[in-house]
Amino acid sequence: MSDTPLFGPDDRVDDIEALLRELDESDLELVTPPADIWTGIDEAVRAEDGAEVVAITSRRSRFSSKFLGAVAAVAIIAVGAVAVTSIGDDGGEVLATAELAYDPSAFDPLGADAAATARLVETDDGFEIELEETTLPSDLGEPADLELWLIETDSDGNITDIASVALVEGSGTYAVPASIDIASHRIVDISVEPRNGDATHSSRSILRGSLDA
């Protein structure tokens with residue numbers, strides 16, 4: 001038998017072009033295959049090599065269920081993490097947190113057993129300092145109060161401004177006066193303030209910590 005093809009490449013192209021010219025819009029409409037077409041294909045392949053065949057729809061269903069379940073789990077975890085880390089007691093956004101600590105070499109001895117956590121919170125009305133987990137001295141030994149301050153320092157750590165926030169009565173929320181720039185006043189301080197009419201800082205700090213985002 002001759003190996004020469006009955007039709008050359010040009011002949012085949014011409015035949016295809018002729019067939020395409022004869023097509024109309026009805027020939028281009030998608031036709032829905034019979035419902036049992038996949039069953040027939042599965043049975044034919046199984047009969048040929050004995051391999052187990054999993055229907056395409058079953059694989060797609062399992063994939064979709066696992067994928068959607070994973071997405072839902074990630075979304076729940078992410079939302080929960082945001083809710084825990086960014087919402088203050090009053091529903092505001094937590095901008096920074098400071099662990100207040102006692103410095104035995106520089107602070108008043110009344111703060112030796114003191115501790116507190118401070119959170120800077122932004123609300124619709126402005127900024128607040130939330131004090132939590134406070135352990136503060138109750139007996140100051142004289143007519144005095146505990147006072148909350150925000151401190152500004154320069155690049156070398158030197159104090160350039162100390163601004164009063166409020167008198168401290170333990171754990172709670174203390175509004176930051178609008179006159180205080182929270183962008184520069186990043187150190188939280190609690191001090192013992194004698195009731196002597198002097199509104200400036202007494203230099204008797206008992207706790208201090210830096211606000212970190």
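**Figure 1. Close-up of Thr-153 in strand E4.** Thr-153 has a relative accessible area of 29% and is therefore partly exposed, since this class lies between the limits of under 20% for buried and over 50% for exposed. The model shown here and in the following views is predicted. Thr-153 belongs to strand E4, which covers residues 144-153. Although Thr-153 and Arg-186 are 33 residues apart along the chain, 8.2 Å separates their C-alpha atoms.

**Figure 2. Overview of the chain from which the close-up views are taken.** The protein chain contains 3 helices and 8 strands. Read from the N terminus, the order of these elements is α-α-α-β-β-β-β-β-β-β-β. Of the 213 residues in the chain, 26% are buried.

**Figure 3. Strand E7 and its two pairing partners, E4 and E8.** How many residues of strand E7 are buried? Strand E7, residues 185-194, is mostly covered, with 9 of its 10 residues buried. Strands E4 and E7 run antiparallel and are joined by 9 bridges. Within this pairing, Val-192 of E7 stands opposite Leu-146. Strand E7 is also joined to strand E8, residues 205-210, by 5 bridges, and these two strands again run antiparallel. Here Ser-191 has Ser-205 in E8 as its bridge partner. In a regular strand, side chains alternate between the two faces of the sheet.

**Figure 4. The salt bridge between Arg-208 and Asp-189.** A salt bridge brings together the side chains of Arg-208 and Asp-189, with a distance of 2.8 Å from N to O. Asp-189 is in strand E7 and Arg-208 in strand E8, so the salt bridge ties together parts of the chain that are 19 residues apart in sequence. Are the two partners buried or exposed? Asp-189 has a relative accessibility of 0% and therefore counts as buried. Arg-208, at 27% relative accessibility, counts as partly exposed. Side chains of opposite charge can pair when their charged atoms come close.

**Figure 5. The salt bridge between Arg-195 and Asp-145.** In this view, Arg-195 forms a salt bridge with Asp-145, and their closest N and O atoms are 2.9 Å apart. Arg-195 is located in the loop between E7 and E8, whereas Asp-145 is located in strand E4, so the pair ties together parts that are 50 residues apart in sequence. The relative accessible area of Arg-195 is 58%, and this residue is therefore exposed. Asp-145 counts as partly exposed because its relative accessibility is 23%.

**Figure 6. Strand E2 between strands E1 and E3.** Strand E2 spans residues 115-123 and is mostly covered, as 7 of its 9 residues are buried. Strand E1, residues 93-100, runs antiparallel to E2, and 7 bridges join the two. One position to locate in this pairing is Ala-96, which stands opposite Leu-120 in E2. Strand E2 is likewise joined to strand E3, residues 126-135, by 8 bridges, and E2 and E3 run antiparallel. The connection from E2 to E3 is a hairpin through 2 residues.

**Figure 7. The salt bridge between Glu-130 and Arg-119.** What is the distance between the closest N and O atoms of Glu-130 and Arg-119? These atoms are 2.8 Å apart, and the two residues form a salt bridge. The pair links distant parts of the chain, with Arg-119 in strand E2 and Glu-130 in strand E3, 11 residues apart. Glu-130 has a relative accessible area of 0% and is therefore buried. Arg-119 also counts as buried because its relative accessibility is 13%, a value set against the limit of under 20%.

**Figure 8. Glu-122 and the negative surface patch.** Glu-122 is a residue of strand E2, and its bridge partner in E3 is Phe-127. With a relative accessibility of 36%, Glu-122 counts as partly exposed. Which residues form the negative surface patch? The patch consists of Glu-93, Glu-122, Asp-124 and Asp-125.

**Figure 9. A network of salt bridges.** The structure holds 6 salt bridges. This view shows a network of salt bridges that links Asp-108, Glu-142 and Arg-204.

How values were computed: Residues numbered from 1 in each chain as written. Predicted model: local features only at pLDDT ≥ 70, side-chain atom pairs only at ≥ 80, totals over all residues. Heavy atoms only, no water. Buried < 20%, exposed > 50% of the residue type's maximum accessible area, 1.4 Å probe, protein only. Helix = DSSP H or I, 4+ residues; strand = E, 2+ residues; numbered from the N terminus. Pairing = 2+ DSSP bridges. Patch = residues over 30% accessible without salt bridge, like charges linked within 9 Å, V, L, I, M, F, W, Y side chains within 5 Å. Areas by Shrake-Rupley, 256 points an atom, 1.4 Å probe, with all protein chains shown as cover. Salt bridge = Lys/Arg side-chain N within 4 Å of Asp/Glu carboxyl O. Lys, Arg positive; Asp, Glu negative; His and termini not counted. Charge placed at Lys NZ, Arg CZ, Asp CG, Glu CD.
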